[in-house]
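Please work through the exercises below with the sequence and the coordinates open beside you. Each task is followed by a solution that goes step by step.

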Amino acid sequence: MRLRKKPWVAEALTGFSNIVLQNPNEDLKGKWAEVFGNDLPLHVELGTGRGKFIAGMSELYQGQLNFAGIEAQQDVLYYAAQKVQDRELPNVRLLVFDANEILTIFAPGEIDRLYVNFCDPWPKNRHAKRRLTHVNFLEKYRTVLKPGGQLWFKTDNQPLFEFSLEQFQEFGLKLDNISYDLHNSGFAPNVMTEYETKFSTLGQPIYRCEITF
Ligand code: SAM
């Protein structure tokens, strides 16, 4: 997702002081229950984008789950913060942060579930390590997830989906509910992302699976 950089966004994000965590660093590690003021299970989305999914999920599971959304681009996260603020959702925090660095801000076993939705496919082989489902990322996910914790993965990109299934299997992970056409699979509730809405409107099937660590 390429956007022209908006100079006012950094300052605007400071206005979402209860939603967007400023300067995320190792002080957060092991402290997520304190951030939310409760010890509800923690679900984390990597590559949150404009926030349709995390806002929808946190609304649906208010009082049951806490959500953290990690997004590398501050210009995109601004729109996610607006959605969270407009719906007055108490159970979600957003961070401008690189998923590569998740070991810095989460303690081992601190996360109950990860979501990777429509991550950048990085189609060139030489960029495979940048895909959020590459085994190098799975190593990190295994550390921050609770034993038995899950990754829920959705994409519109068939080559990326097949690559990812291979990575999960190579890593010895258990796969469940593999779907090659999510929207005709009966899975519910399926909270859609921005990309999911866009690609399914164009008639593109959506691929999904659940991975247990
Ligand atoms: N998940 C959203 C959706 O489905 O509508 C956005 C999908 S968009 C194709 C991928 C998003 O992941 C972009 O917003 C991008 O900035 C973010 N992203 C890519 N690599 C990332 C990383 N290493 N850490 C955090 N976010 C990342």
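The exercises that follow concern a predicted model, and they go from the whole chain to its strands and then to the ligand.

**Exercise 1. Describe the overall dimensions and the secondary structure of the protein.**

Solution. Begin with the secondary structure, which comes to eight helices and seven strands. Next, take the extent along the principal axes, where the C-alpha atoms fill a box of roughly 40 × 35 × 35 Å. The radius of gyration is 16 Å, which agrees with the value near 17 Å that a compact globule of 213 residues would have. Then turn to burial and contacts: 38% of the 213 residues count as buried, and among contacts between residues at least 6 apart in sequence, 80% join residues at least 24 apart.

**Exercise 2. Determine whether Val96 is buried or exposed, and find its surroundings.**

Solution. First locate the residue, which lies in strand 3 (residues 92–96). Count the other C-beta atoms within 10 Å of its own: there are 21, and because the cut-off for a buried residue is 20 or more, Val96 is buried. Now list its contacts, leaving aside neighbours within four places in sequence; these are Glu71, Gln74 and Leu77. As a contrast in distance, take Tyr180, which is 84 residues away from Val96 along the chain and whose C-alpha atom is separated from that of Val96 by 31 Å.

**Exercise 3. Work out how strand 3 is enclosed and how strand 2 is joined to it.**

Solution. Five of the five residues of strand 3 are buried, so this strand is largely enclosed by the rest of the structure. Looking at the side chains in turn, Val92, Leu94 and Val96 point one way, whereas Arg93 and Leu95 point the other way, and all are buried. The pairing comes next: strand 2 and strand 3 run parallel and are joined by five bridges, with Glu71 standing opposite Val96. Finally, follow the chain from strand 2 through helix 4 (residues 74–86) to strand 3, which gives a β-α-β crossover that is right-handed.

**Exercise 4. Identify the pairings of strand 4 with strand 1 and with strand 5.**

Solution. Start with burial: five of the seven residues of strand 4 (residues 111–117) are buried, so the strand is largely enclosed by the rest of the structure. Strand 1 (residues 42–46) runs parallel to strand 4 and is joined to it by four bridges; here Val44 has Leu114 in strand 4 as its bridge partner. With strand 5 (residues 145–155), strand 4 also pairs in the parallel sense, over six bridges, and Arg113 has Gln150 in strand 5 as its bridge partner. To close the step, trace the chain from strand 4 through helix 6 (residues 135–144) to strand 5, a β-α-β crossover that is right-handed.

**Exercise 5. Describe the shell of residues around the ligand.**

Solution. The shell holds 20 residues, and the closest are Gly47, Gly49, Ala99, Phe118 and Thr193. Strand 2 (66–71) and helix 8 (194–201) are the elements that give two or more residues to this shell, and helix 8 gives the most, with three residues. Sorting the shell by residue class, one finds nine nonpolar, six polar and five charged residues.

Definitions and conventions:
Residues are numbered from 1 along each chain as its sequence is written. This is a predicted model: local features need pLDDT of at least 70, side-chain atom pairs count only at pLDDT 80 or more; totals for chains, interfaces and linings use all residues. A residue is near a molecule or strand if its C-beta atom, placed from the backbone, lies within 6 Å of it. Ala, Val, Leu, Ile, Met, Phe, Trp, Tyr, Cys and Pro count as nonpolar, Asp, Glu, Lys and Arg as charged, and the others, Gly among them, as polar. A residue is buried if 20 or more other C-beta atoms lie within 10 Å of its own, exposed if 12 or fewer, and partly exposed in between; C-beta atoms are placed from the backbone. Two strands pair if DSSP finds at least two bridges between them. A crossover is right-handed if, with the strands pointing away from the viewer, the path from the first strand over the helix to the second runs clockwise. The radius of gyration is taken over C-alpha atoms; the globule rule is 2.2 Å times the number of residues to the power 0.38. Two residues are in contact if their C-beta atoms, placed from the backbone, lie within 7 Å.
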